Amino acid sequence: MWRWPHGGTEAIAEGNRVRALHKPITMTSAETGKQISALHTEAYQWVIATGYIVTAQGGRLLIGRDFTDAERDELLRDNRRLARLLHVPMRGYPQTRAEMADYFESMIDTLAGTPQALRLIEEMKTGRVEVPSTVPAGLHPVIRRLARPALHFNYLSVVGLMDPRLRDKLGVG
């Protein structure tokens, strides 16, 4: 991950690759019921911003102590570099820790436990995932069994670092 904000041309190529991977992904808008791109400005900004928010709040779990103000400033600078590498629209993207805190608080009330979010949480929690149809059916149980520990770890990481208000909205509080 260090190479992302500091990797020069390699980071640019990786940012382009990751953005291209997300281009075909769609989700259903909770407000309109219409399909929207994973690269929809508000959704894309939120996903990248949460990388900073979770990391900045997770100091005790990640490094055994809270991050200092200087370290949080550096995390935000790295997050903004990452956002630019991923071609996140930067208009309205928080520039300071105070703006990020205000942004986060303003988003909390607008977020909902969408069917997609609830499905992802359930998949991580139970390890029951849909295996692509391109994988031979006989391998599905093996893949599910092998994926289960990683999914469970991911679930504990995501839920453990999540703001309690968001956990409540997802029913994992």
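Biologist: Where is the place of E123?

Modeller: This is a predicted model. In it, E123 sits in helix α7. The residue is buried, because its relative accessible area is 18% and the cut-off for buried is under 20%.

Biologist: Which residues is E123 in contact with, leaving aside its neighbours within four places in sequence?

Modeller: They are R128, V129, E130 and L151. L151 belongs to α8, and both E123 and L151 are part of the meeting between α7 and α8.

Biologist: How should I read the packing of two helices?

Modeller: The general idea is that two packed helices are described by the angle between their axes and the distance between the axes. Here the axes of α7 and α8 come within 6 Å, and they cross at roughly 125°. The two helices are therefore oblique to each other.

Biologist: Which residues of α7 and α8 meet?

Modeller: α7 brings I121, E123, M124, K125 and T126. From α8 come R148, L151, H152, N154, Y155, V158 and V159. Sorted by class, this contact has 6 nonpolar, 3 polar and 3 charged residues.

Biologist: I121 is in that contact. Which residues touch the most other members of the largest nonpolar core?

Modeller: I121 is one of them, along with W46, I53, L86, V88, Y93 and M100. The core has 30 residues. Two or more residues each come from α3 (41-57), α5 (69-85), α6 (97-108), α7 (115-126), α8 (140-161) and α9 (164-170). The largest share, 7 residues, is that of α3.

Biologist: Take Y93 from that group. What is Y93 in contact with, leaving aside its neighbours within four places in sequence?

Modeller: Y93 is in contact with Q45, I48, A49, N79, R80, A83, V88, E99 and M100. Of these, V88 and M100 are also named among the core residues that touch the most other members.

Biologist: Now the aromatic residues. How is a ring pair read?

Modeller: A pair of aromatic rings is described by the distance of the centres and the angle of the planes. The structure holds 2 aromatic pairs. In the pair of W46 and Y103, the ring centres are 6.0 Å apart and the planes stand at 50°, so this pair is tilted. W46 is in helix α3 and Y103 in helix α6, 57 residues apart, and the pair links these distant parts of the chain.

Biologist: Are W46 and Y103 buried or exposed?

Modeller: W46 is buried, with a relative accessible area of 13%. Y103 also counts as buried, at 13% relative accessibility.

Biologist: What is the geometry of the rings of W46 and F104?

Modeller: Their centres are 5.8 Å apart and their planes lie at 15°, so the pair is stacked. Since W46 lies in helix α3 and F104 in helix α6, the pair ties together parts that are 58 residues apart in sequence. F104 is buried, with a relative accessible area of 6%. Through the ring pairs, W46, Y103 and F104 form a cluster.

Biologist: One backbone point remains. What is phi of H87?

Modeller: Phi of H87 is near 60°, which is a positive value in a residue other than glycine. H87 lies in the loop between α5 and α6. At 38% relative accessibility, H87 counts as partly exposed.

Conventions. Residues are numbered from 1 along each chain as its sequence is written. This is a predicted model: local features need pLDDT of at least 70, side-chain atom pairs count only at pLDDT 80 or more; totals for chains, interfaces and linings use all residues. Side-chain values use heavy atoms; hydrogens and water are left out. A nonpolar core is a set of buried Ala, Val, Leu, Ile, Met, Phe, Trp, Tyr and Cys residues joined through side-chain atoms within 4.5 Å. Buried means under 20% relative accessible area, exposed over 50%, partly exposed in between (1.4 Å probe, protein chains only). Helices (H or I, at least four residues) and strands (E, at least two) are DSSP runs, numbered from the N terminus. Contact means heavy atoms within 4.5 Å. Axes are lines fitted to C-alpha atoms, for helices over the stretch in contact, and angles run from 0 to 180 degrees between N-to-C directions. Angles under 35 degrees count as roughly parallel, over 145 as roughly antiparallel, 65 to 115 as roughly perpendicular and the rest as oblique. Ala, Val, Leu, Ile, Met, Phe, Trp, Tyr, Cys and Pro count as nonpolar, Asp, Glu, Lys and Arg as charged, and the others, Gly among them, as polar. Rings of Phe, Tyr and Trp (its six-membered ring) pair if their centres lie within 6.5 Å; planes under 30 degrees apart count as stacked, over 60 as edge-to-face and the rest as tilted.
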